[in-house]
Structure formats: structure tokens, C-alpha cells
Amino acid sequence: MGQKTAFQTWWEYGAARALTAAVGAFDVDTNLGTAEVAGRVLAHFDKRHRRRGEANVARSFPDWSRERVVECNRQSFEHLVKLAFEVVQTPREINERSWPRRIVLHESFTKAVEVLNRPGPCMLLTGHLGNFEVLGYTLAVLGYDVDAVARPLDNVKLSEWLFGIREAKGMRMITKFDATEHMLAVLRRGGYLGFTADQNAGPKGVFVPFFGKLASTYKSIGLLALRFRCPILCGYAQ
């Protein structure tokens, strides 16, 4: 993708901030209803991503009917817009006092806490499912000092703004383009290192079965865990 012009950068940033201001004028349930409608509209007009999504769903579930594939893909568009709305509301809705009203911890989180409270480094893995943004934010609110690896957005202003939301409660972001030394430093000091680890690692990754197909995933996570003898916690926020 080519570099964005200054006009594109500021126009996209201004539109996002204007949307955030509009979202802030309504309650969560109203915003989620609006996001659902917006997701349907997006699915209708964004033909390129709609076709790609439908092809991926059909490839993953070859026994599904055409109608079920289309419905699942449409819901993924709705979820994407809901996620965006939830992200901009997160600082207002989730803090040290209010988080129990919005977050329900699964019973298995007790076992995760036992691992997190041990001395020494720990690696945290999730994927692009549910609300992965709220997952890291909530851990920071609960007092866990996480450094998370993330790819910056193509729009520099939007990226800085999103990183600011993510880091509002103490989580620190490590960009993928300058990650190696930062990751090693976190693990050496016994910190928590987070990954959203379900992206394509390219030809240099290790290929593993995923929905009946071989998919490339990162070797670095397993190699780091072996090197530092640290546990790996896998989790998600639904």
C-alpha cells in the first residue's frame, strides 16, 4: 500500500475522532445497535472484502450451505464495527472502579492468575476474535504490566491515537518493526509479553493445520518460550 498523503491522514483521523465524539453521546446498548446496522451496510457496499470473507468461510466450513456462509460473513462485518465502537468507549466504561459492571471473568481465569502471579516471565496469546482490545486493556486495569506486540496502522495519526487508548492504563505497545530487542528485554526482566498470534507469518513461518488447511504461524513465540523457560497463557475476551 502506498504512503498516505497528509490530506488522507488528517481526513481519516478527523473522521474517526468525529465518530468517537458521536458515539460518546449515546449509551453502550444504543451504540451497539447502531454498529450492527452499520456493519450490514458495510457488508453490502464493501464487495471486495465481502467476497474474500465468504470465500474464507466456505473454505473453512465446506459442509455449510451458501446461506449459512453468507450469514456468518455478514455477522463478522457487524462484529468488526461493534469492536470499533467498543474500543472508543473502553476508557470511559472500564476503569479500576467500573470494570466489574462490564467484565465477567471466566472461572478459568483463576488458574491464569496463579500463573501470572508466579515470579518470572510469562507469554500471553490471543487471536483476532471476540474483543481482543478489551482483553489487554482489562489486564492492565487489573494491575498486570503487559507489553504487547502490535502492527501500527497505515495512518500514523490513527495509529498514535489507538496506541494511546491501548496504553491508557499502563499496557505498553511494541511495534512489529522494532520488536526483537524489546521482546527480549521484557522476558529478561520477568515481564508479561502479549501477542495477537493468528496472523500470517509468511514463507518463513512454521506451517500447521488450521481448519483443514496448512497455515503459516510464527516460530518466535515457541522459541522464546523454550529459551526463557516461561509459560504460555492462551485466552480470549468474548
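This short talk walks through selected helices, contacts and salt bridges of one structure.

Good morning. Please keep in mind throughout that the model is predicted.

I shall begin with helix α2, which spans residues 28-45. Asn31 belongs to this helix. Is Asn31 buried or exposed? Its relative accessibility is 3%, and since buried means under 20%, Asn31 counts as buried. Which residues does Asn31 touch, once neighbours within four places in sequence are set aside? They are Val23, Phe26, Phe85 and Gln89. Two of these partners deserve a closer look. The side chain of Asn31 comes to 3.3 Å from the backbone oxygen of Phe26. With Gln89, the link is between side chains, a polar contact of 2.9 Å.

Val37 is also found in helix α2. With 47% relative accessibility, Val37 is classed as partly exposed. Together with Val41 and Phe45, Val37 makes a nonpolar surface patch of about 310 Å².

Next comes helix α3, residues 47-60, where Arg59 is located. Arg59 has a relative accessible area of 45% and is therefore partly exposed. Its side chain makes a polar contact of 2.8 Å with the side chain of Asn56. Arg59 and Ile165 are 106 residues apart along the chain, and their C-alpha atoms are separated by 35 Å.

Helix α4 covers residues 66-93 and includes Ala84. Ala84 is partly exposed, at 41% relative accessible area. How far apart in space are Ala84 and Glu133, C-alpha to C-alpha? The distance is 9.5 Å, although 49 residues separate the two in sequence.

I now turn to helix α6, residues 109-116, in which Ala112, Val115 and Leu116 are buried. Why do the buried residues of α6 line one face of the helix? Viewed down the axis, they fall within an arc of 100°, so they share one face. The face turned away from that buried side carries Thr110 and Lys111, which are exposed. Among the elements covering the buried residues of α6 are the strands β1 (122-126), β4 (192-196) and β7 (232-234).

My last topic is salt bridges. How many salt bridges does the count come to? The count comes to 15. I have chosen three of them.

In the first example, the side chains of Glu71 and Arg74 meet at 2.4 Å, N to O. Both residues lie in helix α4, three residues apart, or about one turn of the helix. Glu71 is partly exposed at 30% relative accessibility, and Arg74 is likewise partly exposed, at 24%.

In the second example, Arg166 pairs with Glu133, and their closest N and O atoms are 2.6 Å apart. Arg166 lies in helix α8 (residues 156-166) and Glu133 in helix α7 (residues 132-141), so this pair ties together parts that are 33 residues apart in sequence. Arg166 is buried, with 13% relative accessibility, and Glu133 is buried, also with 13%.

In the third example, Asp145 forms a salt bridge with Arg172, with 3.0 Å between the closest N and O atoms. Asp145 sits in the loop between α7 and β2 (146-150), whereas Arg172 is in strand β3 (residues 172-175), so the pair ties together parts 27 residues apart in sequence. Asp145 is partly exposed at 39%, as is Arg172 at 30%.

Finally, salt bridges with shared partners join Glu36, Arg40, Glu71, Arg74, Glu78 and Lys82 into one network. Thus Glu71 and Arg74, from the first example, appear again in this network. Thank you for your attention.

Definitions and conventions. Residues numbered from 1 in each chain as written. Predicted model: local features only at pLDDT ≥ 70, side-chain atom pairs only at ≥ 80, totals over all residues. Heavy atoms only, no water. Patch = residues over 30% accessible without salt bridge, like charges linked within 9 Å, V, L, I, M, F, W, Y side chains within 5 Å. Areas by Shrake-Rupley, 256 points an atom, 1.4 Å probe, with all protein chains shown as cover. Salt bridge = Lys/Arg side-chain N within 4 Å of Asp/Glu carboxyl O. Helix = DSSP H or I, 4+ residues; strand = E, 2+ residues; numbered from the N terminus. Buried < 20%, exposed > 50% of the residue type's maximum accessible area, 1.4 Å probe, protein only. Polar contact = N/O pair within 3.5 Å; in protein donor to acceptor, adjacent residues only side chain to side chain. Contact = heavy atoms within 4.5 Å. Arc of directions from axis to C-beta.
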